[in-house]
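User: I would like a close look at a single part of this protein, explained for a first-year student. Please begin with one residue and then place that residue within the whole.

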Amino acid sequence: MSIAIAIDGPAGAGKSTIARLAAKELGFIYVDTGALYRAIGLAASRRGFSKESQSDIISMLDMIRVELSFNDKGEQIVLLDGEDVSGLIRTPEISMMASAVSAIPEVRAFLLDLQRDMAHTENVIMDGRDIGTVVLPDAKLKIFLSASPECRARRRYDELIEKGMDVKYEDILSDVIERDYADSHREIAPLKPAEGAVIVDTSGEDLETSVNKLLNIMREHI
């Protein structure tokens, strides 16, 4: 029987990086569900839709194909209509669009079966905003991972600067705070700790410390 570990938390908490490294250490498949919403956000943005264009975004779902694949290193690849968009979905603009499309019930339903199917066939560490609360409520272990807005903004800023992008810390912090509010106040699957979730705060911790902390928790439960 497959084992599922659900990791939820706000944007920039380090979920993706920590979950990916932990999955590699444990021999699990890592599933970044946020990337799926980002891919839909990218598709909407490419069509010139705004965050308010809900009817257009819903109609678009029948015309796009979103998939997750894995390379020979076990790294996740996000495909939009067959195109590898893994590197195109990490901008602040697409992040905000992803938050908007994730609040649309039809979008969540569109991706739900894809996420659950992966957990039913593989040992997975899956991260997102509602994995423990909605997608995998029966997960073997549920973790809510967070850090202060300032800490998360600094991490995202450093990441984007390293990629050569021209961004300002103040803008990143504003985006983080705005997305926190949007994710936690949406009507459908709002961001919150799942019942029975282990709460982990990584403010001020480096990556190695955070990964080891989660690995210890995971090994205790599986």
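In which strand is the place of Ser-146?

Analyst: The model discussed here is a predicted one. Ser-146 has its place in strand S7, which covers residues 141–146.

The next point is how far this serine is covered by the rest of the chain. The relative accessibility of Ser-146 is 17%, and a residue under 20% is called buried, so Ser-146 counts as buried. Leaving aside residues up to four places away in sequence, Ser-146 touches Pro-10, Ala-13, Val-200, Asp-201, Thr-202 and Ser-203. One of the elements concerned is strand S8, which spans residues 198–201. A different serine, Ser-102, is 44 residues from Ser-146 in sequence, and the two C-alpha atoms are 19 Å apart in space.

A second serine may be set beside this one. Ser-95 is placed in helix H4, made up of residues 92–102. Its relative accessibility is 8%, and for this reason Ser-95 also counts as buried. When residues up to four places away in sequence are not counted, Ser-95 touches three arginines, namely Arg-38, Arg-156 and Arg-179.

Two of these arginines lead to a pair of helices. Helix H7 comprises residues 149–162, and helix H8 comprises residues 169–185. The protein has one aromatic pair. In this pair, the ring centres of Tyr-157 and Tyr-169 are 6.4 Å apart and the ring planes stand at 90°; planes over 60 degrees apart count as edge-to-face, so this pair is edge-to-face. Because Tyr-157 belongs to helix H7 and Tyr-169 to helix H8, the pair ties together parts that are 12 residues apart in sequence. Both Tyr-157 and Tyr-169 are buried.

The backbone also deserves attention. Most residues other than glycine have a negative phi. Ala-189 is not a glycine, yet its phi is positive, at about 45°. This alanine lies in the loop that runs between H8 and strand S8. With a relative accessibility of 15%, Ala-189 counts as buried. Asp-81 likewise has a positive phi, near 50°, in a residue other than glycine. The position of Asp-81 is the loop between strand S4 (76–80) and strand S5 (83–84). Its relative accessibility is 39%, and therefore Asp-81 counts as partly exposed.

Finally, these details may be placed within the whole. The protein contains nine helices and eight strands. For its 222 residues, a compact globule would have a radius of gyration near 17 Å, and the value of 16 Å found for the protein agrees with this. Along the principal axes, the C-alpha atoms fill a box of roughly 45 × 40 × 35 Å. Of the 222 residues, 49% are buried. Among contacts between residues at least 6 apart in sequence, 73% join residues at least 24 apart. The accessible surface comes to about 10,800 Å², and carbon and sulfur atoms account for 49% of that area. The protein carries 26 positive and 38 negative charges, and the mean positions of the two groups are 1 Å apart.

Definitions and conventions. Residues numbered from 1 in each chain as written. Predicted model: local features only at pLDDT ≥ 70, side-chain atom pairs only at ≥ 80, totals over all residues. Heavy atoms only, no water. Helix = DSSP H or I, 4+ residues; strand = E, 2+ residues; numbered from the N terminus. Rg over C-alpha atoms; globule rule 2.2 N^0.38 Å. Buried < 20%, exposed > 50% of the residue type's maximum accessible area, 1.4 Å probe, protein only. Contact = heavy atoms within 4.5 Å. Areas by Shrake-Rupley, 256 points an atom, 1.4 Å probe, with all protein chains shown as cover. Lys, Arg positive; Asp, Glu negative; His and termini not counted. Charge placed at Lys NZ, Arg CZ, Asp CG, Glu CD. Phe/Tyr/Trp six-rings, centres within 6.5 Å; stacked < 30°, edge-to-face > 60°.
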